[in-house]
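Biologist: I am new to this structure and would be grateful for a close look at one part of it. Please set that part in its wider context as well.

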Amino acid sequence: MTQFDAIVIGGGLVGAAIGYGLVRDGLRVAIVDEGDIAFRASRGNFGLVWVQSKGLGAPHYQRWTRLSAEEWPALAAELGERTGISVGLEQPGGLQLCLGEEELEKRRAMMEQMRREAGNFGFEYRMLDRSELAGILPGLGASVAGASWTPYDGHANSLNLLHALHKGFGERGGTYLPGRTVIEAHAAPHDFRVEFAGETIVAPKIVLAAGLGNAKLAPLFGLLAPVRPQRGQILVTERTNRIWPLPLGSLRQTQEGTIMLGSSEEDVGFDTGQKPEIMRNIARRAVLCFPWIAELQIVRAWAALRVMPPDGLPIYDESEEFPGAFTANCHSGVTLAGAHANAFAPMVAAGALDPMMMPFSAKRFDVSAAA
Amino acid sequence: MFRPRPDAPAATVEVEVDGRTVRVPEGASAAAAVLLAGLASLRDTPVTGSARAPYCMMGVCFECLAEIDGVPNRQSCMIAALPGMRIRRQRGARDIDPEDVPDTIPSFPIPAPRSGGA
């Protein structure tokens with residue numbers, strides 16, 4: 001039996017960011033992870049630090065996302081210094097292109113609602129028309145009517161981020177336990193025991209960050225995490241010279257030069273297969289935005305599963321039944337890495353979530369509470 | 001460094017590899033022509049600029065990327081050498097000039113964007 005100060009279940013971007021934050025705060029931490037067969041959104045994501053569309057009708061989510069985007073530069077710099085790994089962060093703001101006037105008007109209404117809901121917190125955005133865009137983005141397609149812009153958006157190399165968080169965690173004395181499947185878990189207030197094949201670890205704190213696995217794990221700790229898989233597909237082109245000065249939501253060019261094309265949403269359970277119709281639509285939207293993309297070769301394509309709560313908003317919670325147990329669930333492990341490492345982890349280290357996290361509680365799914 | 005096997009058919013297909021004329025047997029790949037040309041490398045990588053030459057010869061490693069008949073980033077090991085083919089060195093990422101590509105996209109309905117965005 002091995003004793004830790006905190007156990008983090010899940011070694012993807014969410015678990016690794018929280019684990020990294022906890023060891024930085026001086027805790028002895030174990031990150032428990034599955035093997036390479038895990039459904040791992042951390043290895044299939046788009047790599048955006050994306051703020052502008054987050055939290056329509058839920059301003060607390062917009063604030064949390066903004067907080068994360070603000071923490072990102074410090075996290076990226078710290079990881080670079082401590083691990084020597086560049087996570088390739090660029091935050092020049094972002095544009096979301098709209099095809100046709102109808103899309104543009106919907107977008108305008110959405111951005112205006114975001115601004116209204118932000119209240120005194122503020123939400124800076126601009127709508128760009130076609131002619132303004134053409135000055136920034138060469139080779140713009142005839143169907144592009146305009147775009148929304150906010151200064152908060154960016155992108156990064158999410159694989160390097162995962163690598164850097166793990167390396168930083170290990171270098172600060174964190175214990176990484178991969179290839180483990182939780183066989184049994186015992187919860188008591190401030191006393192948690194997790195058993196694997198022939199191995200037991202204990203700690204007064206536990207954080208469930210197992211992505212889609214949280215749905216089954218959470219009830220063992222008096223928590224609720226009703227997340228389901230939502231499939232997204234991505235196409236990647238060959239590398240080209242640098243063309244765009246900023247990320248474009250469902251299109252972005254990586255620092256290495258590939259252009260990533262997204263995005264899609266499908267409810268197909270735990271199926272990471274690809275569908276030609278979806279791939280075609282992704283490619284069609286891309287070439288309608290930029291006809292020259294049709295000249296490029298697609299060199300890779302894949303699907304991955306988002307970790308999706310019923311209302312699309314993250315779930316952060318602490319157990320009332322078993323104090324010391326926490327859960328973190330979201331589909332934006334890249335965007336929210338700054339918040340997870342620099343805000344959520346310190347709350348866990350301190351022993352309680354900040355009141356600002358209350359709207360993220362899974363209590364919102366409780367029918368009697370909502371009635 | 002590389003020589004054709006003694007039992008290989010006669011080298012009858014003439015191609016150009018980075019300015020040199022090379023003859024390869026019918027059915028040989030463009031990458032084989034690169035190796036027979038004796039070049040130490042055929043491209044520089046886009047990220048670090050290090051030199052690369054054909055390696056796996058079976059379509060897996062992408063080291064043999066070359067500009068073939070004016071089209072960049074082609075996997076030369078997966079492409080049969082044809083008479084008159086021009087296989088050219090590639091430096092870094094391919095260049096594309098967005099302003100210089102004509103809009104030849106056939107018209108099709110605009111696919112719906114990803115909904116939500118939460």
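How many helices and strands are there in chain A?

Modeller: The model is a predicted one, and chain A is the part examined here. Its secondary structure consists of nine helices and 19 strands. Chain A has a radius of gyration of 21 Å, close to the 21 Å that the globule rule gives for 371 residues, so chain A is as compact as a globular protein of that length. Along the principal axes, its C-alpha atoms fill a box of roughly 65 × 45 × 40 Å. Of the 371 residues in chain A, 50% are buried. Contacts that reach far along the sequence are also found: when contacts in chain A between residues at least 6 apart are considered, 73% of them join residues at least 24 apart.

The domain assignment then divides chain A into two domains. Domain 1 is made up of the segments 2-82, 158-226 and 311-370, while domain 2 comprises 94-151 and 228-308. The centres of domain 1 of chain A and domain 2 of chain A, taken over C-alpha atoms, are separated by 28 Å. Where these domains touch, 21 residues of domain 1 of chain A and 25 residues of domain 2 of chain A take part in the contact. On the domain 1 side, helix H2 of chain A (residues 59-83) gives the most, with three residues. By class, that side of domain 1 of chain A holds 10 nonpolar residues, 10 polar residues and one charged residue.

Chain A also meets a partner, chain B. Their contact involves 36 residues of chain A and 21 residues of chain B. The side of chain B that touches chain A contains 12 nonpolar, four polar and five charged residues.

A description of chain B completes the setting. Chain B has one helix and eight strands, and along the sequence these follow the pattern β-β-α-β-β-β-β-β-β. The radius of gyration of chain B is 18 Å, well over the 13 Å that the globule rule gives for 118 residues, so chain B is more spread out than a compact globule. The box filled by the C-alpha atoms of chain B is roughly 65 × 35 × 25 Å along the principal axes. Buried residues account for 31% of the 118 residues of chain B. Among contacts in chain B with a separation of 6 or more, 36% are between residues 24 or more positions apart.

Definitions and conventions: Residues are numbered from 1 along each chain as its sequence is written. Chains are lettered from A and ligands numbered from 1 in the order in which they are written. This is a predicted model: local features need pLDDT of at least 70, side-chain atom pairs count only at pLDDT 80 or more; totals for chains, interfaces and linings use all residues. Domain bounds come from an automatic or database domain assignment. Two residues are in contact if their C-beta atoms, placed from the backbone, lie within 7 Å. Helices (H or I, at least four residues) and strands (E, at least two) are DSSP runs, numbered from the N terminus. Ala, Val, Leu, Ile, Met, Phe, Trp, Tyr, Cys and Pro count as nonpolar, Asp, Glu, Lys and Arg as charged, and the others, Gly among them, as polar. The radius of gyration is taken over C-alpha atoms; the globule rule is 2.2 Å times the number of residues to the power 0.38. A residue is buried if 20 or more other C-beta atoms lie within 10 Å of its own, exposed if 12 or fewer, and partly exposed in between; C-beta atoms are placed from the backbone.
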